[in-house]
Amino acid sequence: MKVHVQTEVNGEAVEFLCDPTTTLLEVLRDNLGLRGSKEGCGTGDCGACSVELDGALACSCLILAAETQGRSVATIEGVATPEALHPLQSHLLKSAGLQCGVCTPGIVVAAKHLLEQDPNPTEEAVRYFLAGNLCRCTGYDKIIRAVLDAAAEMRGEAA
Amino acid sequence: MSEAMDFKVIGTRPIRPDGVDKVTGRASFGADFSLPGMLEGAVLRSPHAHARIKSINTDKALAAPGVKAVVTGADFPQVAAGAIEGGEGGGDFADLAGNVIARGKVRYHGHAVAAVAAQSRAQALAALALIEVEYEPLPAVLSLDAALAESAPLIDEGLMTSGLPEPAAAPSNLASVIEMGNGDLEAGFAEAALIIERRYQTPTVHQGYIEPHACVGRWGQDDQAMLWCCTQGAFDVRSMTAKVLGQPVGSLKVIPSEIGGGFGGKTTVYLEPLALQLSKKSGRPVRMVMTREEVFRATGPASAATIDLRMGFSSDGKITAAEAIMAYEAGAFPGSPVGPGTMCVFAPYRIANFRIKGMDVLVNKPKAAAYRAPGAPQALFATESAMDEAAQKLGIDPIELRLRNAVEEGDSAIYGPKFGPIGLRACLEAAAAHPHYTKAKDAGVGRGVAVGFWFNVGLQSSAEVHINEDGTVTVIEGNPDIGGSRASMALMAAETLGVPYESVRVVVADTETAGFSNVTGGSRVTFATGMAVVEASKDIIAQCCSRAASLWSTDEDMVEWRDGAVHPRPGVNVEATPLSLKDLAGQAGRMGGPLLGKASLNARGAGPGFSVNLCDALVDQETGQVQVKAFTAIQDAGKAIHPSYVEGQLQGGAVQGIGWALNEEYVYSPDGIMENAGFLDYRIPVASDLPMIETQIIEVPNPGHPYGVRGVGETPIVAPLAAVANAVSASAGVRMTELPLSPPRVLEALDQA
């Protein structure tokens, strides 16, 4: 028996049918064609599928799609505007804060959430906040620097 | 090529061509592709580490809702033995086929036994549960000692050890033996004032790429097939899959997706032949995506190793003799990287008297795959730990001890060839002068030093350079971009052609579009494929010169290429305005047609890579937990084409090495089931575990490359194991010889000290 879900993704109303056991990540990727969120583990350990649900940061692989009824989901696809990348995206590019790039969407979503909570985080705060987002390529150094630089730019300071 | 080369764009740090796609989520990785009518595939895996398959009944699965095809080992041809060329892991096609799907016997927990394609993944998973397999469990062999024991159960009953002076008398789990040596070992040890003799052990670890293996396969009624997959080498996937399926190479098109990390682990095939066979049976495209658990249980771990090392030193720190007996776990099929391990173990040093023995040993674990400088991290962990202990006991600074033994240009490497220009001494001197090394240590902190080494390889590459009608440039090559290589290709093309970086776009094409290229591995892409891009750009320049000369009615040797345009040579009396690439591209139709440059080559002269790492670590005396307080990676890159991505290689390799040293290991139950097959329990380093990773790039140009490049991708993972272990040993006050240095192991050592 399928569930009929009406929800909002990146500010747009969407509806879909899904099994009660289907995860939000599966629906995003397979039903809605939003494949920027990645499945790295399916167990909430890697953060590659990070989204915001009603403004809370979450792993979409741990959320049932049916739970999103009447709520609001934000994914990597909604981060940049048609005119410009988000400062986090620009600084990740400038700092070479990605190598393979598969963890990058999750890092952007998580770091954006952090900067909305704390516009001036310390290096340590960034490291602890992003501890749930695994990256195997970069050793995190350039990611952390990109987040600190983006934060500075968003505060209006020279990065 | 000279050190005084004046570069315009090489050495700058522009944004990578594929950057925006990757920060916006638009880039398509292995699991991000679909075709109309596509089915979802799933694999039934062995619940035993070692068992005979007595029967498989797939009737109920085939009758299950939504199921369109089921395959087992019986659906695949027998593949004859034959060496796999040009890959990073090497190995044999018959073993590869046996690893893709079990026949007769399962050799590790997680070994593929059957595969199902159904309309949904849920239906495929449900059908797996309906496949009836009768097993006769056999005792599992899970360690080197157990595998080499007299009456050990045989994993491959027909396996005769190769590499012995006399043919093996009986089958065993010892697949091969490699021996090399020189000088008089015992005389060398007799000369020694100090002998360090220890056993060093490293665990089974995984490459840990964040993207699980994934592919989509489609088989046509004309026996032409297509594969979309995440791989380090589309041409390797093509040759391996064709071999496993008994098809001609030309009948298979492989489209490489963006790749979410590989580190050597995506240089072979697992799902690809299964997806195509399921597609052939069902007549539908089939997608297969591994779970993280499957990635751990059934794909390329790096070999666990036991190294018995003996090194002799004179009182002034010269190595008088060295011996290494190295056993590496191959997993369930032959092919551990013990070969390169034996070649690397003493490579950084001048040693007149040495003996090295390597053993490739079967155990009931997944078949080992390449992992970044395959075989070297284990080997140098042993040597660099012994060097550290020797420095301590001789009262010589650890960098100074290494300088007294370091190989230099003109020395014969232990593995044969003479070194050209190399950067070991420069790295050691940079390390000695580095603020990290000269600053005082904080209380309780131990500081470790270690050297890293990797050969780097060349192999075959192709590239095409297309000049578009407005003078912009398209580069077509066949090496998946795993960490910014499109940017280095664009930089080298822009430098050679004298055009802006922004005017060059680089396409990683499929096997029907790009010329043949070996795998993205061996730290070869910026070196070898880069060389092909430079050669193809030079082909364009030659064509431009020829066209300009003909337009100016002069000889080709009267013109030259300078600053992105053809000019008359100085002193040549020709009335002509220089012709830029744009000018010539615009007139291509009137001058012989499109400008298309090509190169295909087998790159020789890959320059070896040396590194030195510094690590400050603090051991918590109560819990045994280790904190890395500071880490510096210094490495010779030859010439850093895009320095940010070179630094990124140094930092990423350092952190993988830190993980290998401190946390990572496969934990097995007594019956051979991996107990930590997930990122929660197999703990790779996270951001909060680490400090910033400082880097220093040394540039000793490699004469084998037009711009001096030597590979940089693999060397970075070699030194960290010993750098961390030496720092931990210093902080703990006890010599640590077995990795990982997890809290229980460190605590045990502290208790016994």
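Begin by selecting the strands of chain A in this predicted model, where five strands form an open sheet with mixed pairing, in the order β2-β1-β5-β3-β4. Colour β2 (12–18) and β4 (56–59) of chain A separately, since these two stand at the edges and each has a single partner strand, so that one side of each is left without a neighbour in the sheet. If you look along the sheet from one strand to the next, the twist averages 40 degrees.

Next, select β1 (residues 3–9) and β5 (residues 72–74) of chain A, which pair in the parallel sense over 2 bridges. Within this pair, show the side chains of A:Val9 and A:Val73, because the two make a convenient landmark: A:Val9 of chain A stands opposite A:Val73 in β5(A). Keep the sheet in view and add helix α1 (residues 24–31) of chain A, which packs on the sheet and touches β1, β2, β3 (50–53) and β5 of chain A, its direction making about 105 degrees with that of β2(A). Then add helix α3 (residues 104–117) of chain A, which lies across β3 and β4 of chain A and runs at about 45 degrees to β3(A).

Now turn to the enclosed spaces, for which a search of the whole structure finds 6 cavities of 30 Å³ or more. The largest cavity has a volume of about 570 Å³, and to centre the view on it you can select B:Ile482, B:Ser523, B:Thr526, B:Gln649 and B:Gly713, which are the closest to its centre of the 35 residues that line it. With these residues shown, display α15 (485–497), α16 (525–551) and α18 (643–662) of chain B, the elements that give two or more residues to the lining of this largest cavity. Of the contributions to that lining, the largest share, 3 residues, comes from α18(B).

Colouring the lining of the largest cavity by residue class gives 11 nonpolar, 18 polar and 6 charged residues. Colouring chain B by domain instead shows that this lining draws at least three residues from each of domain 1 (19–26 + 458–603) and domain 3 (304–372 + 397–454 + 607–752).

For the last stop, move to the second largest cavity, which has a volume of about 60 Å³. To outline it, select B:Arg45, B:Asn99, B:Val100, B:Tyr108, B:Ala112, B:Tyr270, B:Leu271, B:Leu274, B:Met290 and B:Ala298, the residues that line the second largest cavity. By class, this lining has 8 nonpolar, 1 polar and 1 charged residues.

Key: Residues are numbered from 1 along each chain as its sequence is written. Chains are lettered from A and ligands numbered from 1 in the order in which they are written. This is a predicted model: local features need pLDDT of at least 70, side-chain atom pairs count only at pLDDT 80 or more; totals for chains, interfaces and linings use all residues. Side-chain values use heavy atoms; hydrogens and water are left out. Two strands pair if DSSP finds at least two bridges between them. Helices (H or I, at least four residues) and strands (E, at least two) are DSSP runs, numbered from the N terminus. Axes are lines fitted to C-alpha atoms, for helices over the stretch in contact, and angles run from 0 to 180 degrees between N-to-C directions. Contact means heavy atoms within 4.5 Å. On a 1 Å grid over the protein atoms alone, a cavity is a set of points where a 1.4 Å probe fits but cannot get out, and a pocket is an open set with protein on both sides within 12 Å along at least five of seven lines; lining residues have an atom within 4 Å of a point. Grid points are joined across faces, edges and corners, and a volume is the space filled by probe spheres set on the points. Ala, Val, Leu, Ile, Met, Phe, Trp, Tyr, Cys and Pro count as nonpolar, Asp, Glu, Lys and Arg as charged, and the others, Gly among them, as polar. Domain bounds come from an automatic or database domain assignment.
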